[in-house]
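User: Hi! Could you walk me through some of the labels used for this model and the reasoning behind them?

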Amino acid sequence: MAKILIVDDEEKIRAVIREYAEFNNYETGEAEDGMQAVNMCATGEYDLVIMDIMMPKLDGFSACKQIKKDKDIPVIMLSARGEEYDKLFGFELGIDDYVVKPFSPKELMARVAAVLARKNASPADKASVELVAGGLVVNKESRTVTVDGEKIEATLKEYELLVYLMENKNVALSRDKLLQDIWGYDFFGDDRTIDTHIKNLRSRLGVYRDKITTVRGIGYKFED
């Protein structure tokens with residue numbers, strides 16, 4: 001049974017999410033501010049976090065950043081603000097989905113199921129354990145990325161995106177194709193999610209950033 005941490009300073013919202021989560025056979029925990037959420041994630045085991053942005057003591061963005069320093073826990077962010085900047089900033093932090101208030105609890109549960117399904121998906125085919133492009137090496141068995149022998153940190157989706165691009169090197173891949181094959185048909189975001197992850201990935205690859213090229217009017221490809 002998956003365990004979900006519900007983080008919101010409004011008790012009524014936590015209660016609604018808890019009711020629907022338990023109806024869908026999820027175990028739940030609750031936190032009323034970002035600081036409490038960070039502490040609970042540090043001492044407990046959770047499969048997913050649903051977290052509001054505007055909270056006392058520590059906001060949701062800061063709490064998400066702190067949590068992901070230590071654990072790769074999927075996060076669905078809740079916010080009364082639907083501005084593009086907030087969404088893109090959240091995805092830059094590595095969140096998995098963004099839901100604008102007021103929201104449908106049923107839709108939220110669908111998003112929870114989609115994120116957990118992606119998290120628990122079977123590992124990619126390991127016929128080739130390593131993907132190599134000069135000094136850029138991806139080890140699919142250990143799920144690590146090294147640049148000229150130095151390990152770099154990447155979020156799960158950044159890693160999956162890099163693997164997919166390298167496995168399809170020199171092939172122009174549309175944003176829709178990348179969303180479909182990496183995030184899945186049930187992802188509720190848009191193709192700007194791809195642009196954000198590509199930007200973050202390039203910044204991590206250093207001298208190899210230019211291997212991920214933009215194909216104008218289509219999407220991206222990995223050139224080797």
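Analyst: Happy to! This is a predicted model. One place to begin is an open sheet of four strands, ordered β6-β7-β8-β9 and paired in antiparallel fashion.

User: What makes β6 and β9 stand at the edges?

Analyst: Each of them, β6 (130–133) and β9 (150–152), has a single partner strand, so one side of each is left without a neighbour in the sheet. On average, neighbouring strands here are turned by 25° against each other, direction ignored.

User: How do you know that β6 pairs with β7?

Analyst: Pairing needs at least two bridges, and four bridges join β6 to β7 (residues 136–139), so the two strands count as paired. They run antiparallel, and V132 stands opposite V137 in β7.

User: What lies across β6, β7 and β8?

Analyst: That is α6, which runs at about 110° to β7.

User: Why are α6 and α8 called roughly perpendicular?

Analyst: Helix α6 (residues 156–167) and helix α8 (residues 192–205) pack at about 85°, with axes 10 Å apart. Angles of 65 to 115 degrees count as roughly perpendicular, and therefore the label fits α6 and α8. K157, E158, L161, L162 and L165 of α6 meet H197, I198, N200, L201, R204 and L205 of α8. These contact residues divide into six nonpolar, two polar and three charged.

User: Why is E10 called partly exposed?

Analyst: Buried means under 20% and exposed over 50%; the relative accessible area of E10 is 42%, so E10 is partly exposed. E10 sits in the loop between β1 (3–7) and α1 (11–23).

Terms used
Residues numbered from 1 in each chain as written. Predicted model: local features only at pLDDT ≥ 70, side-chain atom pairs only at ≥ 80, totals over all residues. Heavy atoms only, no water. Axes fitted to C-alpha atoms, helices over the stretch in contact; angles between N-to-C directions. Parallel < 35°, antiparallel > 145°, perpendicular 65-115°, else oblique. Contact = heavy atoms within 4.5 Å. Nonpolar A, V, L, I, M, F, W, Y, C, P; charged D, E, K, R; others polar. Buried < 20%, exposed > 50% of the residue type's maximum accessible area, 1.4 Å probe, protein only.
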